[in-house]
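Thanks for coming, everyone. I would like to walk through one structure this morning, starting with the whole chain and then moving to a few local details.

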Amino acid sequence: MSDTRRRVKVYTLNEDRQWDDRGTGHVSSTYVEELKGMSLLVRAESDGSLLLESKINPNTAYQKQQDTLIVWSEAENYDLALSFQEKAGCDEIWEKICQVQGKDPSVEVTQDLIDESEEERFEEMPETSHLIDLPTCELNKLEEIADLVTSVLSSPIRREKLALALENEGYIKKLLQLFQACENLENTEGLHHLYEIIRGILFLNKATLFEVMFSDECIMDVVGCLEYDPALAQPKRHREFLTKTAKFKEVIPITDSELRQKIHQTYRVQYIQDIILPTPSVFEENFLSTLTSFIFFNKVEIVSMLQEDEKFLSEVFAQLTDEATDDDKRRELVNFFKEFCAFSQTLQPQNRDAFFKTLAKLGILPALEIVMDILLINVVIEQMICDTDPELGGAVQLMGLLRTLIDPENMLATTNKTEKSEFLNFFYNHCMHVLTAPLLTNTSEDKCAKDFFLKHYRYSWSFVCTPSHSHSHSTPSSSISQDNIVGSNKNNTICPDNYQTAQLLALILELLTFCVEHHTYHIKNYIMNKDLLRRVLVLMNSKHTFLALCALRFMRRIIGLKDEFYNRYITKGNLFEPVINALLDNGTRYNLLNSAVIELFEFIRVEDIKSLTAHIVENFYKALESIEYVQTFKGLKTKYEQEKDRQNQKLNSVPSILRSNRFRRDAKALEEDEEMWFNEDEEEEGKAVVAPVEKSKPEDDFPDNYEKFMETKKAKESEDKENLPKRTSPGGFKFTFSHSASAANGTNSKSVVAQTPPATSNGSSSKTTNLATTVTATKASLVGLVDYPDDEEEDEEEETSPRKRPRLGS
């Protein structure tokens, strides 16, 4: 068993004057050769690594606070603290420090806290070695005392000497007796002086003085002194608030008197710091660091004491889950857990984990579920969505919480290994629609859908946010106005202009991007079924570039998986169009959007994703070929042509393969099969993927044919080679962007003109299309010649293809 006396937590003071936990370990004092002196060493209890190695400098001022804390400064603006589990351990290490510095262990501070300039100045004044002489504690001396306290605040050494004098003479209690006399006599001038005195003593920043001032005997008189600010016309009524308004509620009676006193003290000291004391000036910002530490370590003690009292917590859970508990009592119990968990943030990571395991063991989640009318995780999502903070501070925190919940790496491994899958099934069946509702609403022109969204969330948010737990299903008159609800902006078009809405959608996209990376088939099914990527890419039109980049990042993660299901979904849905439009609209600007789009296409080129390369070159190369400041698009064209050459070479070797008669079809039968395929394809209503080739139409009758359009455009307009191509005006050609889910999911649609093969120059039909320009896959080309068992399945896939099967006999 480890020595608990030497068990410590290491803390450092950050730039915000808050204590950061650096870990838990065991402390020792030993001679370190490299440091040439006795040093404090702390080794982590988890892995034995060195958390702290600090030489005990003879001139460093060490302070002992609250019997279990040792605090010192290693350098300017770098404060350290050791918090001991036991007082005995703190006393042992304190004796070692005092031994090195030649001090009596009874002192609370080993050195005067001074800077170098003051040290030099006071070395010339031997009389400063004595304590400051305090005036007698009388009413007629209050002004003199106030002047003295105020005058020392600018001098570290004088602050320290005054603190020692106040402590040694029991001066604070005498001052508080004068306060009672001044109040009884209504001596306003004396009360104003006492305000200055007590405020100045707080700024001395001494833990030993705080222990006196914040004791049960003194704290309310200290608060009383601080009511009489001379700058106020009337004194504040802080004591009245603390004693009458702020009622201490024991949801379960606390039998430990020390714990109850610590809770009272912490609340009142926090009130003094947050409410009573004015915001410190730039010169006073470090004066209350010890006060912050005092509150911090009090909270640590409270959580530890409550956690160790399992009888108390068990009773809290029992009442929370008891059906006989009324709503008011249940609300108080929940508020207790809220404060309890908030205090737990002061614990070090290991202890915090143990704390939450204790709550989980006692059944906190089932207990909280009882007070909910909707799923807890949906409450979190809806609270994120309804955050009224313009900067969405709460939403950002809740988004981090959600990501932690849905991260498979955070899910416990179990013997049957089904929990991860079961939870994700639950999340996608019951929660994902709530998360994506703002996204789908703000990328749709369907007003009815928006109205439904607003009504649903007006009810849900008001129900979640109001304290009443009534089960009435009538729509309440929520305090959240419609202007604060996402999607309610009357100016919102298909792409939201509202900055707060854009921020929220960016958070949602960040979560969805995380899902793409970690949830594999769950998110894949959701994207396919909801045609989600198409809706996300609508945001490429946003005036908020950060939102367009979030949409692009979502697509980039999908493409990064190199999954052919995703690739087929992208190509069949023509989903590169909004990305290319955004690139063209961006013009010659060299910015993050430009770089991100180029990187996406460069990834496709480098990774040689053949299906995407072919789709991009065949449908969009004319618009991209003049972009020459990068070689990405020319590189894609080269990859595409190399692949075509390889496919042609394979096709040319087919006759030698077919020399065995048992693998060969009758040529006439083959021709008849192909004719039947074409005829069936053209006659099926609503399933043709190309325009009927028998109907001869002039070139101008095909305005949506991309390649012909570009040829016409080049003939009509002069080409500006110095600028990048730009998307045409609303009246001209624009890439076809079908919003039908059927097209995106690979089902046949009436036309996919961006993928229609161009007519040949001699006007022949697609049945005589040049083989080299239409055949892109060896497997698809060979299926028609050889009787493989999966012929039927391959034919079925071909029905959804944007190109007809070419005839090989011509």
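Before the surface figure, one definition: accessible areas here come from the Shrake-Rupley method with a 1.4 Å probe. On that basis, the protein chain exposes about 42,600 Å², and carbon and sulfur atoms supply 49% of that area. Please keep in mind throughout that this is a predicted model.

Staying with the chain as a whole, there are 36 helices and seven strands, and 46% of the 810 residues count as buried. If we take the contacts between residues at least 6 apart in sequence, 67% of them join residues that are at least 24 apart.

Now let me turn to one helix, α6, which covers residues 188-203. With 16 residues at 1.5 Å a residue, α6 should span 22 Å, and since its end C-alpha atoms are 23 Å apart, the expected and computed values agree. How many of the 16 residues of α6 are buried? The number is 12, so α6 is largely enclosed by the rest of the structure. Among those buried residues are the glycines G190 and G200, the leucines L191, L194 and L202, and also H193, Y195 and R199. As for what covers the buried residues of α6, the list includes α3 (142-152), α4 (156-168) and α5 (171-185) on the one hand, and α7 (207-213), α8 (219-225) and α10 on the other. Just after α6, the residue N205 takes a positive phi of about 65°.

The helix α10, which I just named as part of that cover, spans residues 257-276, and the loop between α9 (238-245) and α10 is where D256 is found. Is D256 buried, partly exposed or exposed? D256 counts as partly exposed, because its relative accessibility is 32%, a value that lies between the 20% limit for buried and the 50% limit for exposed. The side chain of D256 reaches the backbone nitrogen of E258 at 3.0 Å. D256 can also be placed relative to M305, which is 49 residues away along the chain, with the two C-alpha atoms separated by 9.3 Å.

That leaves the charged pairs. In general, side chains of opposite charge can pair when their charged atoms come close. The structure holds 25 salt bridges, and I will go through a few of them.

One is between R237 and E240, whose side chains meet at 3.7 Å, N to O. R237 counts as exposed, because its relative accessibility is 62%, whereas E240, at 37%, counts as partly exposed.

Another joins K610 and D608, with the closest N and O atoms 3.1 Å apart. In this pair K610 is partly exposed at 41% relative accessibility, and D608 is partly exposed as well, with a relative accessible area of 23%.

In the salt bridge between E628 and K634, the closest N and O atoms are 3.9 Å apart, a value that counts because the cut-off for a salt bridge is 4 Å. E628 is exposed, with a relative accessible area of 52%, while K634 counts as partly exposed at 29%.

Finally, which residues are linked with R5 in a network of salt bridges? They are R6 and E92. I will stop there and take questions.

Conventions: Residues numbered from 1 in each chain as written. Predicted model: local features only at pLDDT ≥ 70, side-chain atom pairs only at ≥ 80, totals over all residues. Heavy atoms only, no water. Helix = DSSP H or I, 4+ residues; strand = E, 2+ residues; numbered from the N terminus. Buried < 20%, exposed > 50% of the residue type's maximum accessible area, 1.4 Å probe, protein only. Contact = heavy atoms within 4.5 Å. Polar contact = N/O pair within 3.5 Å; in protein donor to acceptor, adjacent residues only side chain to side chain. Expected span 1.5 Å × (residues − 1).
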